[in-house]
Structure formats: structure tokens, C-alpha cells
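Open your viewer and get your selection tool ready. We will go from the whole chain to a few spots worth a closer look.

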Amino acid sequence: MKTIRFTCMILATVVLSLSQSEVQAQDSTNYPTIGEIVRLDPRLDQLIDTDAKIEVLSSGFDWSEGPVWMGDAKDGFLLFSDIPRNSVMKWKEGEGASLFMKPSGYTGVTPYGNEPGCNGLFLDPKGRLVSCEHGDRRLSVLTKEGGKRTLVDNYMGKRLNSPNDGTFKSNGDLYFTDPPYGLPNRYDDPRRELDFCGVYRLATDGTLTLLTKEMTRPNGIAFSPDEKTLYVAQSDPKAAIWKAFPVNDDGTLGTGKVFYDATKSVGKLPGLPDGLKTDLKGNVFATGPGGCYVFTPDGELLGRISTGERTANCAWGNDGSTLYLTADTYLVRIETKTKGRVGPAK
């Protein structure tokens, strides 16, 4: 394990020091591997093959987050955040990792804490890149001309904490979480204007609705395939849970219930509940203590993709069957036997 880590970090250091045009093609048939698949229920074999491996695609990042697949299965590529470096990275098969955008989440002129960059990345219904920006405390969309437009940066005139992750409903409404992780002093930062951490909906008409402020540290967020349930991760070490909220006909949320509680694993396994995605069958792939948990739609734990690292987020890519994971300094992937949605919300 340690030999693999050393090799990957040396490779990434070389790649990231080069310009995009200078990056050399990588051997895409012989990636090193890390971790293991922890199988707790035989039903996991229907989703992840018994021979599946966790492949290390690149490493050497400060804290990788927010992966999103761009383009089609053949010629597409992955974007992901390196939050401390205020950067968005691009990874493409045969080319490796290169810088895509900097600055990514903070455009100020004075130092701004340890995590100034963007966090969650995802696509709007038009296929444009949406960023949850820590330092600028907003959600933005990247236009085709290359400039950014602010989607939302305040609630009732008070600046957001530091938007973390989001997802679009098929009608175009944007749901997102707003913990204070991007503020230099987090909860105790004097720049903080809201005294709660909210889950919000930005409607297509521009109306911002606070859906709930009951979660202490809301983080990853995703809909079930039928959009009747909204899953939200809570990265609180004292209550490391995922909650499932029924979605009302008007898009607001009903009373949430605990989908799964991983608090007992905090401190024993690396990481906390963070990013999550669902597959087309409704299974939930959620990063948490010890890697990426795999749940049935009813919250039964089938197993865990154990990277051995603090695993931040995940995204479907290629034809929808490849799961990409950002795990601390690493970008990794695993092939699955299921599929998730790739591309803009529809």
C-alpha cells in the first residue's frame, strides 16, 4: 500500500507540474490499485463484480472533491476540485491530469483560509458546469464564452456560508447544501452571516427557499431516480448520518428520517459522510467513514468500497457504469455492474 502511494504521488507531481499540452499519455491498462471491496451482503455482487479493483488514476492533490463527468462515453473527461489549491482539475483517459481552471472558488486578493476553492461540481439542464464556491460564497455557472454568472450568493440578504454540493431536479430547480467548511474559521468565523446550515432550493424563477435547517453539517445531496426522495449527508462526527426526505409535490421537503447512521465508525475508519449519488435502480453510493457505502433504496448496507483514505465524493462517468471517487490526495475509479445518470439533469 505504501509503495503504491509513493509511486502515484511522484507521478502526479510530475504531471501537475507540466502544462496541459506537455502532459504525456499514461498507460491506461496498468493502473495501480488500492483498497478493497468489503462485502456485507451477497446482493452487492449484482452491483460490483467480485473481481472489481479500485484503480488509482492520479494523485498528489491537496484535497480532491466534486467529480463530474463531461461529454460522452468515448471522448469525455472528468473534472474535479482541488479545494485548497483553488483549482479545478481535468482527467482524461490516455492524457492524465491537467489544470482546467484557476481560480475556481475564490477571486479575492487577500488570503482566504485553507479551503478557498470550489467544492461540488455538477451540470445544469443545459450541460453547463455549476460550481459550489467556498471563497466567493456562491453557486455559479460557467457560460459557453468562459465567464461565470452568479446563480445565488445570499439568503434574505445575508451571505451564504460556503455552498458545498448540489443537484438539479428534472424541472430545473437546484437543490444545495450550505455548511461553513469554506470559511477560514468555519463555525466561528466573524464573516459568517447566517447562524444555521441550510438545505435550499433555487427555483427556475430565481426564488430561493430554505427547505430545512435541522441538519448540523449538511453536505452531499442527491435525488432518488423517481425524485420522490432527497438524500442528504451530514458530516458531523457526533451524528454522522444520512437522512432521507420525502419530496412534496410543490418541491418542498417533508419530515426526514435517518437513512443510515455511521457515527459508531467515526474515528475508527477515515472520513465522514460526504458526497453521494444514486444509480438508476435507486441504490445509494455514499462516501463516509472508510470509503464509499453502497445501500439499497431502503437503507440496507450491502458493502463498502474501501479506499483506505478519507473519501470525499463520487460521480458516474463514461457510459454510466464507471464510478469515480475523490479520496483525499487520490482520484480513483471502479467499474460496476450497474449504471447511474451521466450528463445534464433531464
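Here is a tour in five stops, from the overall fold to single residues.

**Stop 1: the whole chain**

Start with everything shown as a cartoon, and keep in mind that this is a predicted model. The protein holds one helix and 28 strands. Turn the C-alpha trace along its principal axes and you will find that it spans about 50 × 50 × 40 Å. Its radius of gyration is 19 Å, which agrees with the value near 20 Å that a compact globule of 346 residues would have.

Now switch on the surface. The exposed area is about 14600 Å², and carbon and sulfur atoms supply 49% of it. Beneath the surface, 58% of the 346 residues count as buried. If you like contact maps, here is a number to go with yours: of the contacts with a separation of 6 or more, 50% are between residues 24 or more positions apart.

**Stop 2: the largest nonpolar core**

Select Ile-48, Val-294, Ile-305, Leu-323 and Ile-334 and show their side chains. In the largest nonpolar core, which has 21 residues, these five touch the most other members. To see where the core draws its residues from, colour strand 3 (54-58), strand 24 (291-295), strand 25 (301-306), strand 26 (311-317), strand 27 (322-327) and strand 28 (330-335); each supplies at least two of them.

Next, centre on Ile-48. Which residues is Ile-48 in contact with, leaving aside its neighbours within four places in sequence? They are Arg-39, Val-294, Ile-305, Ile-334, Glu-335 and Lys-337.

Apart from this core lies another one, of 17 residues. To find it, select some of its members, including Leu-139, Val-152, Leu-160 and Phe-176.

**Stop 3: a strand with a partner on either hand**

Select strand 20, residues 239-246. Six of its eight residues are buried, so strand 20 is largely enclosed by the rest of the structure.

Add strand 19 (residues 229-236), which pairs with strand 20 in the antiparallel sense over eight bridges. The two form a hairpin with two residues between them. Then add strand 21 (residues 257-261): its pairing with strand 20 is also antiparallel, over four bridges.

Ala-244 is a handy residue to centre on here. Its bridge partners are Tyr-231 and, in strand 21, Lys-257.

**Stop 4: another hairpin**

Move to strand 10 (residues 138-142) and strand 11 (residues 148-152), which run antiparallel and are joined by four bridges. Pick out Val-141, and opposite it, in strand 11, you will see Arg-149. This hairpin has five residues between its strands, and Gly-146 takes a positive phi near 100° there.

**Stop 5: the cysteines**

Finish by selecting the cysteines and showing their sulfur atoms. How many disulfides does the model have? The count comes to zero.

Why is Cys-197 without a bond? The closest cysteine sulfur, in Cys-132, is 14 Å from the sulfur of Cys-197, and that is too far for a bond. Cys-197 is also buried, with a relative accessible area of 4%.

Then look at Cys-292, which is in no disulfide either. The nearest cysteine sulfur, that of Cys-314, is 4.6 Å away, whereas the cut-off for a disulfide is within 2.5 Å. Cys-292 is buried as well, with a relative accessible area of 0%.

Terms used
Residues are numbered from 1 along each chain as its sequence is written. This is a predicted model: local features need pLDDT of at least 70, side-chain atom pairs count only at pLDDT 80 or more; totals for chains, interfaces and linings use all residues. Side-chain values use heavy atoms; hydrogens and water are left out. A nonpolar core is a set of buried Ala, Val, Leu, Ile, Met, Phe, Trp, Tyr and Cys residues joined through side-chain atoms within 4.5 Å. Buried means under 20% relative accessible area, exposed over 50%, partly exposed in between (1.4 Å probe, protein chains only). Contact means heavy atoms within 4.5 Å. Two strands pair if DSSP finds at least two bridges between them. The radius of gyration is taken over C-alpha atoms; the globule rule is 2.2 Å times the number of residues to the power 0.38. Accessible areas come from the Shrake-Rupley method with a 1.4 Å probe; for residues, only the protein chains shown count as cover.
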